[in-house]
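User: Please take a close look at one part of this model and walk me through it. I want a connected account, residue by residue, with the reasoning spelled out.

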Amino acid sequence: MKKKYQCCFCGKEIKSNHIDITSLVVISNWDKTIDNQQEQQLFCHMNCLKDKVNKEVPLYIAEIVD
């Protein structure tokens, strides 16, 4: 069974290639104990991630895959 992935930024399907599928892991309550944290995995296109992250914030993974 082939899995499908949807970009959390643009909403379009993500086709697997050399830099996609990109996964983000979001953890709430980072500064709290593990018992108080929740996490969720989101997927996106690398280009959508690069477009959304502020240009002042280093996005090292984008440099590695370019």
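Analyst: Start at cysteine 48. Its closest cysteine sulfur is in cysteine 7, at 3.8 Å. A disulfide needs two cysteine sulfurs within 2.5 Å, so this pair at 3.8 Å is too far for a bond. Seen from cysteine 7, the closest cysteine sulfur is that of cysteine 48. The structure holds zero disulfides.

Remember that this is a predicted model. Mean pLDDT for the protein is 89, and 94% of the residues score at least 70.

Now burial. The cut-off for buried is under 20% relative accessible area. Cysteine 7 has 3% relative accessibility, so cysteine 7 counts as buried. Cysteine 48 has a relative accessible area of 15%, so cysteine 48 is buried too.

Cysteine 7 leads on to histidine 45, since the two residues touch. Where does histidine 45 sit? Its place is the loop between strand S4 and helix H1, which covers 46-52. S4 itself spans residues 38-44 and has the highest mean pLDDT among the elements of the protein, 96. Histidine 45 has a relative accessible area of 15%, and is therefore buried. Its side chain reaches the backbone oxygen of glutamate 13 at 3.2 Å. Leaving out residues up to four places away in sequence, histidine 45 touches Cys7, Cys10, Lys12, Glu13, Ile14, Asp20 and Thr22. Glu13 is thus both a contact of histidine 45 and the residue whose backbone oxygen its side chain reaches.

Follow the contact to threonine 22. This residue lies in strand S3, residues 22-28. Its relative accessible area is 9%, so threonine 22 is buried. Again leaving out residues up to four places away in sequence, threonine 22 touches Leu42, Phe43, Cys44, His45, Met46 and Leu49. Leu42, Phe43 and Cys44 fall within the S4 range of 38-44. Met46 and Leu49 fall within the H1 range of 46-52.

Helix H1 also holds lysine 52. Is lysine 52 buried or exposed? Lysine 52 is exposed, with a relative accessible area of 54%. The cut-off for exposed is over 50%. The C-alpha atoms of lysine 52 and phenylalanine 9 are 8.2 Å apart, though 43 residues separate the two along the chain.

One caution on confidence. Helix H2, residues 60-65, has the lowest mean pLDDT among the elements of the protein, at 72. Where pLDDT is low, the predicted coordinates should not be read in detail.

Definitions and conventions: Residues are numbered from 1 along each chain as its sequence is written. This is a predicted model: local features need pLDDT of at least 70, side-chain atom pairs count only at pLDDT 80 or more; totals for chains, interfaces and linings use all residues. Side-chain values use heavy atoms; hydrogens and water are left out. pLDDT is the predictor's confidence in each residue, from 0 to 100. Helices (H or I, at least four residues) and strands (E, at least two) are DSSP runs, numbered from the N terminus. Buried means under 20% relative accessible area, exposed over 50%, partly exposed in between (1.4 Å probe, protein chains only). A polar contact is a pair of N or O atoms within 3.5 Å; within protein, one must be able to donate a hydrogen and the other to accept it, and residues adjacent in sequence count only if both atoms are side-chain atoms. Contact means heavy atoms within 4.5 Å.
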